[in-house]
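Subject: The structure we talked about

Hi there,

Here is the structure I promised to pass on. Please have a look at it with the notes below beside you.

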Amino acid sequence: MSTTNVDLGQVAAALALVGVAVGISLWERARLEGDIALAALRAFVQLTAIGFVINAIFKSDRLVWVFVLVGVMVVVGAFTARHRARSVPGAFWPLLIALALAGTATLGLIVALGVFDPKPRFLVPVGGMVIGNAMTASAVALNRLGDEMNDARARIEATLALGATSREAAAPIVRRALRSGMITLVDQTKTTGLIFFPGTMVGMLLAGASPTDAVRLQLILLYTLLGSVAIAGLVSTSLAYRNFFTPAEQLRDLEGAPAPPL
């Protein structure tokens, strides 16, 4: 299989499209030009830095560094998702546990099934995709969970007054939150190959891989991501809803009572 070498000149040329985005923002007075420039700069710095890290991990060929990198991604992902789920008290720990379980279960399963060899060259990129998608799904799910729990306080309190447990009172909301977290990837999987080509498939084609190999690898990754997103969404919502209730199965007064610890 041939490879594609990309030099810095080509990367710089692609900045023309960033200029187009900045120009549109200026033209329509959207006031996004600063954010666009910062996003482009951060992407360059962050991807360049992680490129050096991944290269070092590949050269060492030791799984321990894979575990370290995935662990860092889990912690950073939990902090990032927590900021998107501000309406959920104590969201950090449910997110951390959800991302850790999603990453561990998914990577462990694909290695056990023989889908990928237990080598850094395979586990690092797949682990990054798994944690990134799990983070996004968990953040969306908890954001929906927090909004609905706060909006439905009266109904939840009435349900509790009738003798329901906190789990029973929150169950419909938890289900809808889980659905919200998963639906984007589910819809994306439905339309793959019809409306858009996923990034992995495009990357392999640009690198010179055969279309058949590119399609098969993309299918493996899509199926892997579906599993990881489902695990992360289920675990994060199942743990986070509890933070809205006291140990006595009463709905917390989030305005007057302290939230559970991080």
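Which residue has a backbone oxygen that lies 3.0 Å from a polar atom of the side chain of Arg252? The residue is Asn243, and the contact joins its backbone oxygen to the Arg252 side chain. Before you go further, please keep in mind that this is a predicted model.

**After H9**

Arg252 itself sits in the segment that follows H9. Its relative accessibility is 19%, and since buried means under 20%, Arg252 counts as buried. Glu249 belongs to the segment after H9 as well. With a relative accessible area of 36%, Glu249 is partly exposed. Glu249 and Ser166 are 83 residues apart along the chain, yet 5.6 Å separates their C-alpha atoms.

**The largest pocket**

The largest pocket holds about 1300 Å³ of space. Its lining is made up of 31 residues, and those closest to the centre are Ile54, Val124, Pro125, Val126 and Gly128. If you want to trace the walls, the elements that each give two or more residues to the lining are helix H2 (33–60), helix H3 (63–84), helix H5 (120–151), helix H8 (199–206) and helix H9 (211–240). H5 provides the largest share, with 10 residues. Sorted by class, the lining has 23 nonpolar residues, 6 polar ones and 2 charged ones.

**The nonpolar core**

H5 turns up again in the largest nonpolar core, where it gives the largest share, 12 residues. That core has 48 residues, and the ones with the most contacts inside it are Leu142, Leu145, Met149, Ile156 and Phe245. Two or more residues each come from H3, helix H4 (92–112), H5, helix H6 (153–161), helix H7 (166–191) and H9.

**Aromatic pairs**

There are 4 aromatic pairs in the structure. In one of them, the ring centres of Phe92 and Trp93 are 5.3 Å apart and the planes stand at 70 degrees, so this pair is edge-to-face. Phe92 counts as buried because its relative accessibility is 8%, whereas Trp93, at 47%, counts as partly exposed. Together with Phe79, Phe92 and Trp93 form one aromatic cluster.

Another pair, Phe116 and Phe122, is stacked, with 5.9 Å from centre to centre and 20 degrees between the planes. Here, too, one partner is buried and the other is partly exposed: Phe116 has a relative accessibility of 10%, and Phe122 has 31%.

**Two residues with positive phi**

Most residues other than glycine have a negative phi. Two residues are worth a look with that in mind. Arg31 has a positive phi, near 60 degrees, and is not a glycine. You will find Arg31 in the loop between helix H1 (8–27) and H2, and its relative accessible area of 74% makes it exposed. Asp61, also not a glycine, has a positive phi of about 55 degrees. Asp61 is placed in the loop between H2 and H3.

If you open the model today, you could begin with the Asn243 and Arg252 contact and then go on to the pocket lining around Ile54 and Val124. I would be glad to hear what you think.

Best wishes

Technical notes. Residues are numbered from 1 along each chain as its sequence is written. This is a predicted model: local features need pLDDT of at least 70, side-chain atom pairs count only at pLDDT 80 or more; totals for chains, interfaces and linings use all residues. Side-chain values use heavy atoms; hydrogens and water are left out. On a 1 Å grid over the protein atoms alone, a cavity is a set of points where a 1.4 Å probe fits but cannot get out, and a pocket is an open set with protein on both sides within 12 Å along at least five of seven lines; lining residues have an atom within 4 Å of a point. Grid points are joined across faces, edges and corners, and a volume is the space filled by probe spheres set on the points. Helices (H or I, at least four residues) and strands (E, at least two) are DSSP runs, numbered from the N terminus. Ala, Val, Leu, Ile, Met, Phe, Trp, Tyr, Cys and Pro count as nonpolar, Asp, Glu, Lys and Arg as charged, and the others, Gly among them, as polar. Rings of Phe, Tyr and Trp (its six-membered ring) pair if their centres lie within 6.5 Å; planes under 30 degrees apart count as stacked, over 60 as edge-to-face and the rest as tilted. Buried means under 20% relative accessible area, exposed over 50%, partly exposed in between (1.4 Å probe, protein chains only). A polar contact is a pair of N or O atoms within 3.5 Å; within protein, one must be able to donate a hydrogen and the other to accept it, and residues adjacent in sequence count only if both atoms are side-chain atoms. A nonpolar core is a set of buried Ala, Val, Leu, Ile, Met, Phe, Trp, Tyr and Cys residues joined through side-chain atoms within 4.5 Å.
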